[in-house]
Amino acid sequence: MAERTLKTPNIEILWKHQTKNLFGDGVVEGATLVKNSGEEGEEEVKIKIDGFFLAIGHTPNSDIFKDYLETDEVGYIKTIPGTSKTKVQGVFACGDVQDSHYRQAVTAAGSGCMAAIDAERYLSEKNS
Ligand SMILES: Cc1cc2nc3c(=O)[nH]c(=O)nc-3n(C[C@H](O)[C@H](O)[C@H](O)COP(=O)(O)OP(=O)(O)OC[C@H]3O[C@@H](n4cnc5c(N)ncnc54)[C@H](O)[C@@H]3O)c2cc1C
């Protein structure tokens, strides 16, 4: 994504700028940025915009499971392909935390359904 952004001619990248706040009357009309924050030459800059999108990144929030479940180098929880089963019996993973490829609401919902069925079957087999 970074490379595509750099190659897109109608995107201007404001290096070393941090967003301080947005302003506008009922709608977003501009943003106040801080250039060279904490460095020599720090200054406040106002730019006119009519939309604001925040990129939050794709790092899976799986740190608390790392000691128990297998994760890949980025942190996605590994499941047995075609299932929601992890390497720990009775523990299932679904959604974005185990999907490095699609990361969409509809695929997360589908894999959530798979995990619910896998969990239900695991419990019924265990209790039969
Ligand atoms: C800006 C943006 C736009 C998107 N647009 C689209 C789109 O147009 N179409 C589309 O299909 N998908 C879109 N997606 C992706 C979609 O939102 C995700 O794929 C989907 O929400 C993943 O669902 P999930 O249940 O796996 O994870 P999440 O929706 O992230 O849910 C995880 C939940 O777990 C909670 N949680 C995390 N850690 C803990 C913890 N330790 N204890 C308890 N709770 C915890 C979180 O608070 C959160 O509520 C978009 C995502 C973003 C960020």
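**Entry 1, the pocket.** I began with the largest pocket and found that H1 supplies the largest share of its lining, three residues. I noted that the model is a predicted one, in which local features need pLDDT of at least 70 and side-chain atom pairs count only at pLDDT 80 or more, whereas totals for chains, interfaces and linings use all residues. Residues are numbered from 1 along each chain as its sequence is written, and side-chain values use heavy atoms, with hydrogens and water left out.

I then listed the lining, which comes to 19 residues, and Ile11, Glu12, Leu14, Phe52 and Phe53 are the ones that lie nearest the centre of the largest pocket. A pocket here is an open set of points on a 1 Å grid over the protein atoms alone, where a 1.4 Å probe fits and protein lies on both sides within 12 Å along at least five of seven lines; a lining residue has an atom within 4 Å of a point. The elements giving two or more residues to this lining are H1, E1 and E2, where helices (H or I, at least four residues) and strands (E, at least two) are DSSP runs numbered from the N terminus.

**Entry 2, the sheet.** I traced the strands next and found an open sheet of three, in the order E1-E2-E3 with antiparallel pairing; two strands count as paired if DSSP finds at least two bridges between them. E1 and E3 are the edge strands, each of them pairing on one side only.

I looked up the pairings one by one. Between E1 and E2, six bridges run in the antiparallel sense, and I could place two of the partners: Leu22 is bridged to Ala31 of E2, while Phe23 is bridged to Gly30 of E2. Six residues lie between the strands in the hairpin of E1 and E2, and in this hairpin Gly24 has a positive phi near 155°.

On the other side, strand E2, residues 30-35, is joined to E3 by six bridges, again antiparallel. Ala31 has Ile47 of E3 as its bridge partner, and Val34 has Glu44 of E3. I therefore set Ala31 down as a residue that is bridged to Leu22 and to Ile47. I also checked the burial of E2: five of its six residues are buried, so E2 is largely enclosed by the rest of the structure. Buried means under 20% relative accessible area, exposed means over 50%, and partly exposed lies in between (1.4 Å probe, protein chains only).

**Entry 3, backbone angles.** I searched the loops for positive phi values, since most residues other than glycine have a negative phi. Lys16, not a glycine, has a positive phi of about 55°; Lys16 sits in the loop between helix H1 (2-7) and strand E1 (17-23), and its relative accessibility of 52% makes it exposed. Arg103, also a residue other than glycine, has a positive phi near 50°. I located Arg103 in the loop between strand E3 (43-48) and H2, where its relative accessible area of 27% makes Arg103 partly exposed.

**Entry 4, helix H2.** I checked the length of H2, which holds 23 residues, 105-127: at 1.5 Å a residue it should span 33 Å, and the C-alpha atoms at its ends are 33 Å apart, in agreement. The expected span is 1.5 Å times one less than the number of residues. Ser111, Ala115 and Asp118 are the buried residues of H2. In an α-helix there are 3.6 residues a turn, so residues three or four places apart point the same way. I looked at Cys113 as well, which is found in H2 and is partly exposed at a relative accessible area of 44%. Its C-alpha atom is 9.7 Å from that of Gly95, a residue 18 places away in sequence.

**Entry 5, separations.** I closed with the layout of the chain, whose domain assignment gives domain 1 (2-48) and domain 2 (63-123); the bounds come from an automatic or database domain assignment. Taken over C-alpha atoms, the centres of domain 1 and domain 2 are separated by 37 Å. I also noted Glu70, found in the loop between E3 and H2 and partly exposed at 37% relative accessibility. Glu70 and Gln18 are 52 residues apart along the chain, and their C-alpha atoms are separated by 36 Å.
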